[in-house]
Amino acid sequence: MPEQNPIIELKDVHVTFKTRTGSLFNPNKVHAVAGVDMSVVSGQTLGIVGESGCGKSTTANVMCGLQLPTAGSVFFKGEEVTKRSAAQRRRIGRVVSVVFQDPATALNARMVVKEQLIDPLRVHKVGTKGDREARVRDLISMVGLPDSVMDALPGQLSGGQRQRVAIARALAIKPDAIIADEPTSALDVSVRAQILNLLADLKAELGLGMVFISHDIQTVRYISDRIAVMNAGKVVEEGPASDVLANPQHSYTKTLLGAAPSLLHPAS
Ligand SMILES: Nc1ncnc2c1ncn2[C@@H]1O[C@H](COP(=O)(O)OP(=O)(O)OP(=O)(O)O)[C@@H](O)[C@H]1O
């Protein structure tokens, strides 16, 4: 059987930002992403892990078309988008949705849940009014929320419920891939595992490609099929999660694992 095109593919992607200060070696410029190759395929979660400032969010923004690379190529389902117009990129970029860290800012505080979910369907002219209402009910149930939340404002929901609504919103237009950028960091520890499990279930049920970004290797290990370790804008190690975790090759990965001793090196 021929190999399927990845949903998203980055080839030698660089992103530099002009800044007032820059870095020690590069005044007035930050090389946020420095030659990254990555691919996202159906039914797999790629975990991206690294310390704050290593370029994870910038990579995510390139993956969903929010950020144009300074150099390199981006492909959505085999189609290179890097040189397309903004309108064409948006059209092609509809294959990818994003879930951000803080659902409180991702959602409109003055719009009830039902309207938040209908909104992307209306924008993308999906179905009739009746189709959209049916789709909203499906989405609410897919993310494990009761129908009663439909008429609630985000402020009336818990943090975990709000993140479920944000996930439902991301799923509304039936994307091929979801990019979740630190989706549990703003949540109470008690609900983090529930959101991770929900993302894992949705990936499996819908055959989504998923990118899960976190500075916390313990969270990434829980959900990822493959792991890419980033340091200073580069991928220093990438492979099946079990290999990267059990047999890290790069000293930076070893440091990250060493800084998270609870599972690898139990105290007793
Ligand atoms: N719009 C921007 N303008 C200037 N510099 C930026 C911009 N966005 C990111 N950077 C810089 O690029 C580098 C990578 O940032 P990025 O947010 O991608 O890292 P990160 O690993 O996601 O970090 P965090 O977990 O803190 O969000 C950092 O040095 C950051 O300060």
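This passage looks at a ligand shell, a pair of helices and one loop residue in a predicted model. Because the model is predicted, local features need pLDDT of at least 70 and side-chain atom pairs count only at pLDDT 80 or more, while totals for chains, interfaces and linings use all residues. Residues are numbered from 1 along each chain as its sequence is written.

A good place to begin is the ligand. Of the 13 residues around the ligand (C-beta atom, placed from the backbone, within 6 Å of it), Phe17, Ala32, Ser52, Ser57 and Thr58 come nearest. Two or more residues each are supplied by strand 1 (8-22), strand 2 and helix 1 (56-63); helices (H or I, at least four residues) and strands (E, at least two) are DSSP runs, numbered from the N terminus. Helix 1 gives the most, with three residues.

Next come two helices. Helix 4 (residues 113-123) and helix 6 (residues 159-171) pack at about 25°, their axes 8 Å apart; axes are lines fitted to C-alpha atoms over the stretch in contact, and angles run from 0 to 180 degrees between N-to-C directions. Helix 4 is therefore roughly parallel to helix 6 (angles under 35 degrees; over 145 is roughly antiparallel, 65 to 115 roughly perpendicular and the rest oblique).

Finally, valine 41 lies in the loop between strand 2 (27-40) and strand 3 (45-49). Valine 41 is partly exposed because 19 other C-beta atoms lie within 10 Å (20 or more would be buried, 12 or fewer exposed, with C-beta atoms placed from the backbone). Valine 41 and glycine 209 are 168 residues apart in sequence, yet 5.1 Å apart in space, C-alpha to C-alpha.
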